[in-house]
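Reader: Could you take me through one part of this model up close? I'd like to hear about the enclosed space inside it and the charged side chains, buried ones included.

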Amino acid sequence: MNDDQGPQVVGISLPTGTDPQSIRQRVESMEMVLERSFKIPGINYPIGLDAVVGLIPVLGDIITTAMGAYIVWEGRNLGLPKWKLWRMGANVAFDTVIGAVPIVGDAADLLFRSNTRNLRIIKKHLDKHHPETRVIEG
């Protein structure tokens, strides 16, 4: 393990640095845990902690909102423009409001993936302003 590597999440070593590459790795890992860490057997549909923890009334919504807000906070650390941060915050807020509705909100968590949308905003910013952080996915 390198000196700049920090804690491990789901077997992934997370860097603790403040450089764009470290932030990208942390945000990608958080999005994976929240949106795609499990698959529904039989239909092979990916879900994450956002959908599972969201089943717990009130407390689940608070936890998943805080985890989604972390991604917005990392976007702020990257220097994203305010309008992008507002857009990311709106994604988290919409997910929270819809998720608070019993039954309907739980189904909406499977369809509206605010963390994936926010990761896309961050990746687009990083690809433009910090192209050295790009990772070729294959």
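Author: Here is a walk through the cavity first, then the charged residues, and a few backbone details at the end.

Keep in mind that this is a predicted model. To get our bearings, the protein has six helices and four strands. Reading from the N terminus, the order of elements is β-β-α-β-β-α-α-α-α-α. Of the 138 residues, 39% are buried. Among contacts with a separation of 6 or more, 51% come from residues 24 or more positions apart.

Now for the space you asked about. Rolling a probe the size of a water molecule over the atoms shows where empty space is left. In this structure there is one cavity of 30 Å³ or more, and the largest cavity holds about 80 Å³. Its lining is made up of D50, D61, T64, T65, G68, V92, D95, T96, D109, S114 and N115. Sorted by class, that lining has four charged residues, six polar ones and one nonpolar. Three helices, α3 (59-77), α4 and α6 (114-129), each put at least two residues into the wall. Helix α3 gives the most, with four residues.

One of those lining residues, D61, deserves a stop of its own. D61 sits in helix α3. D61 is buried and has no salt bridge. The nearest side chain of opposite charge belongs to R113, and that is 15 Å away. Setting aside residues up to four places away in sequence, D61 touches G54, I56, G99 and A100.

Staying on helix α3 for a moment, have a look at G75, which lies in that helix too. G75 counts as buried because its relative accessibility is 0%. Leaving out neighbours within four places in sequence, G75 is in contact with L80, L85 and I122. The pairing with I122 spans quite a bit of chain: G75 and I122 are 47 residues apart in sequence, yet their C-alpha atoms are 6.4 Å apart in space.

Helix α4 (residues 82-99) has its own unpaired charge, K84. K84 is buried without a salt bridge, and the nearest side chain of opposite charge, D127, is 11 Å away. Leaving aside sequence neighbours within four places, the contacts of K84 are I121 and H125.

So much for charges without a partner; next come the ones that pair up. Side chains of opposite charge can pair when their charged atoms come close. The count of salt bridges comes to five. Take E28 and R24 to begin with: they form a salt bridge in which the closest N and O atoms are 3.1 Å apart. The two are about one helical turn from each other, because they are four residues apart in helix α1 (residues 20-35). R24 counts as buried because its relative accessibility is 4%.

E28 has another partner in K123, with the closest N and O atoms 3.8 Å apart. Because K123 lies in helix α6 and E28 in helix α1, this pair ties together parts that are 95 residues apart in sequence. Step back and you find R24, E28, K123 and D127 linked in a network of salt bridges. That D127 is the residue we met as the nearest side chain of opposite charge to K84, 11 Å off.

There is also a salt bridge between R36 and E31, whose closest N and O atoms are 2.6 Å apart. The two ends of this pair sit in contrasting surroundings. E31 is buried, with a relative accessible area of 1%, whereas R36 is partly exposed at 41%.

Last, a couple of backbone details in the loops. N44 has a positive phi of about 60 degrees although it is not a glycine. N44 is in the loop between β3 (38-40) and β4 (45-47), and with 52% relative accessibility it counts as exposed. V58 likewise has a positive phi of about 60 degrees without being a glycine. V58 lies in the loop between α2 (49-53) and α3, and V58 is exposed, with a relative accessible area of 58%.

Note on methods:
Residues numbered from 1 in each chain as written. Predicted model: local features only at pLDDT ≥ 70, side-chain atom pairs only at ≥ 80, totals over all residues. Heavy atoms only, no water. Buried < 20%, exposed > 50% of the residue type's maximum accessible area, 1.4 Å probe, protein only. Lys, Arg positive; Asp, Glu negative; His and termini not counted. Salt bridge = Lys/Arg side-chain N within 4 Å of Asp/Glu carboxyl O. Contact = heavy atoms within 4.5 Å. 1 Å grid on protein atoms, 1.4 Å probe; cavity = no way out; pocket = protein on both sides within 12 Å on 5 of 7 lines; lining within 4 Å. Points joined across faces, edges and corners; volume = space filled by probe spheres on them. Nonpolar A, V, L, I, M, F, W, Y, C, P; charged D, E, K, R; others polar.
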